[in-house]
Amino acid sequence: MEAPIAGHCGPRGSAMAAPGQRAAAGWGRRLCTAAAPRPWRLFGALCLLRLPRITQPLRREEEEMAALMGQIELEKSRYSDHEIRKLEEEEQLKRRKESMYDDDEGPGKTVIMAQDLEDKWEQKLLQFKAASRITDADKNNIRTSLNRKLDSNLMLLVKQKIGNQELWLLPQAEWQAGETLRSTAERAMAIFLGDHIQAKFLGNAPYGLYKYKFPRSIRTEDNMGAKVFFFKAFLQSNDLSQAELKEDYLWVTKDELGGYLKSEYLKKVNQFLLDL
Amino acid sequence: MRVQPKKKKKVDIKREQAQKDRMKKKIRKLEKAAPEMIPIEDFITPSKYSESNRVRSLPPLSFEETERRVLLMKKWSLYKQKQDEAEKKAIQTLVAAQQEALKELRLESEELYQAAIKRDEGLFPFERDGPNYTPPLPGYDPPEGKCIDITKVYTQ
C-alpha cells in the first residue's frame, strides 16, 4: 500500500486540471497523505419502510385459480361427519312428511338438527364486524398518516433544505468523522422522528447511492459534490404519536414517489425499492 | 430322608437357571428388534373414510368444463412464470445497486467500507407478524376460553 503513493500522487496533480476525473481524484485521495482533501461530501440517508398490514387483493388470474382449486378439492373429497348427519336428517324429515307423522317420538321432542347448527354459526359470523380494509386516511388521501394504503409499503419523505432549495428527500444527515454510515442514517432518523422510534435496520451495507456534483458556483477543489448512501429499515413501532416531527413529512408508496422526487434521484431510489 | 432334599435343590436350581436363561434370551431378542417407527398421523387415512357411503355423488364434468380447466391451468403457468421472472429481475437490480454503492464507498474510504461489509449480528433471527386480511380492530375484546392440546405424543 505504501509503494504506489508517489506514483499516484504524481498524476493526481495533473489530473486535477482536467474536470471530471473523479476516479483519479478518488484514488489519489485515498492513497496520499491523510490531510488530502476529499472532494465528495458523504451523506447517510434512510429509507424507512412501514410494512403492509393487510394482504393485497387477488388478481383476476389468481381468483380464478383459487376458485378452480376449491372446486377440485371439493370433487376429490369425501363426506365429513357433519355432512353425513345433515343428509341423514334430511332423509328423516322426508320420510316423516311422507308417512304423515306416524313415528313414536312425537313432534314435541326437540332435536338439534345439523341445519340449525349451521344457521346458528352463520348468525354468529354476521354479528362480528371486522375493521374495514380501506381506512379513513385512504378516502381523504391524508398523506401524513400511517394508516393509509395498508396493503403496500410506505416510506418516509421529508422536506429538507439543500443549498438554497427546499426539496422533498428521503431523510438524510451529513456524515461526521468517527461514525459509520449506518449510524449516520440512525442519526437522521432521530433528527426527524425523535428518539422513541424503533426500526430494524437491514444490515450494515448501503442499498443504493446517489452521486451529484454541486453547481459550478459553489464547486471548489475540495468540495466537488456529494454522495448520498441509502440504508433501508423496517418500522417496528406502530404509532408515531410520540414522534416530534419538526419538518414537513409524508408517507408515500413507491408509485407516488414520482410526484415528489426529482428524476435522477428517483431513478436511483427506484433501483433499490422492490415493487410489491 | 437325607437324599430327597438334595434332589429337590438340584432340580430346583436347574429349573430356575433354565427359566432365567429363557427370560434373558427373550429380553435380548426384544432389545435387538428395531424400534418401531412413530406413525405420521397426516399420512394415514382413517379407515372410516374409505366406506362407500362417504363417496360424494356429483354430476360428471362436461366437455366445456374440462376444456376450461385445462386452458386455465396453462394461463396460470404462464402468469406464474412471468411473476417469477419479474422477481428475479428485481433482485438482480437490487444487488447491482448495492454493489455500485459499495464500490463507490470503497473509493471514498477503506474503513467505512470495512464497517459496511461486516455481518450484522442483530438482524437474524428476524421475526414479523404476517399481514392479515383485515386490519386489527381497535378495542376488540376476544371471547374467553381455554385451548386444550390433544395431539398424541409418541415415545420410542
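**Chain B against chain A: a quick briefing**

The side chains of A:Lys227 and B:Glu104 come together in a salt bridge, with 2.7 Å from N to O. That pair belongs to a predicted model, in which chain B and chain A share eight salt bridges. Put the two chains together and about 5100 Å² gets buried between them, with carbon and sulfur atoms accounting for 58% of it.

**Who touches whom**

- On the chain B side, 53 residues are in contact with chain A, and they meet 61 residues there.
- Three residues of chain B stand out: B:Arg54, B:Arg56 and B:Glu108 supply 15% of the area that chain B buries against chain A, more than any other three residues.
- Polar contacts link 26 residue pairs across the two chains, counting pairs with both residues at pLDDT 80 or more.
- Two elements of chain B give two or more residues to the side that touches chain A, namely α2 (63-108) and α3 (110-116).
- Of these, α2(B) gives the most, with 22 residues.
- Sorted by class, the side of chain B that touches chain A has 27 nonpolar, 16 charged and ten polar residues.

**A closer look at α2 of chain B**

- This helix runs for 46 residues and reaches 68 Å from its first C-alpha to its last, close to the 68 Å expected at 1.5 Å a residue.
- Its buried residues include the charged side chains B:Glu65, B:Arg69, B:Glu104 and B:Glu108.
- Also buried in α2(B) are B:Leu72, B:Tyr79, B:Leu94, B:Ala97, B:Ala101, B:Leu102 and B:Leu105.
- As a reminder about helices, an α-helix has 3.6 residues a turn, so residues three or four places apart point the same way.
- Two names come up twice here: B:Glu104 is buried and is also the salt-bridge partner of A:Lys227, while B:Glu108 is buried and is one of the three residues that supply 15% of chain B's buried area against chain A.

**Inside chain A**

- Chain A has eight helices and eight strands.
- Of its 276 residues, 38% are buried.
- Take the contacts in chain A between residues at least 6 apart in sequence: 68% of them join residues at least 24 apart.

**One glutamate to look at: A:Glu89**

- You'll find A:Glu89 in helix α4 of chain A, which covers residues 81-98.
- Is A:Glu89 buried or exposed? A:Glu89 counts as buried because its relative accessibility is 12%, and the cut-off for buried is under 20%.
- Leaving out residues up to four places away in sequence, A:Glu89 touches A:Ile112, A:Met113 and A:Ala114.

Technical notes
Residues are numbered from 1 along each chain as its sequence is written. Chains are lettered from A and ligands numbered from 1 in the order in which they are written. This is a predicted model: local features need pLDDT of at least 70, side-chain atom pairs count only at pLDDT 80 or more; totals for chains, interfaces and linings use all residues. Side-chain values use heavy atoms; hydrogens and water are left out. Contact means heavy atoms within 4.5 Å. Buried area is the accessible area (1.4 Å probe) that two parts lose on being put together, summed over both. A salt bridge is a side-chain nitrogen of Lys or Arg within 4 Å of a carboxyl oxygen of Asp or Glu. A polar contact is a pair of N or O atoms within 3.5 Å; within protein, one must be able to donate a hydrogen and the other to accept it, and residues adjacent in sequence count only if both atoms are side-chain atoms. Helices (H or I, at least four residues) and strands (E, at least two) are DSSP runs, numbered from the N terminus. The expected span of a helix is 1.5 Å times one less than its number of residues. Buried means under 20% relative accessible area, exposed over 50%, partly exposed in between (1.4 Å probe, protein chains only).
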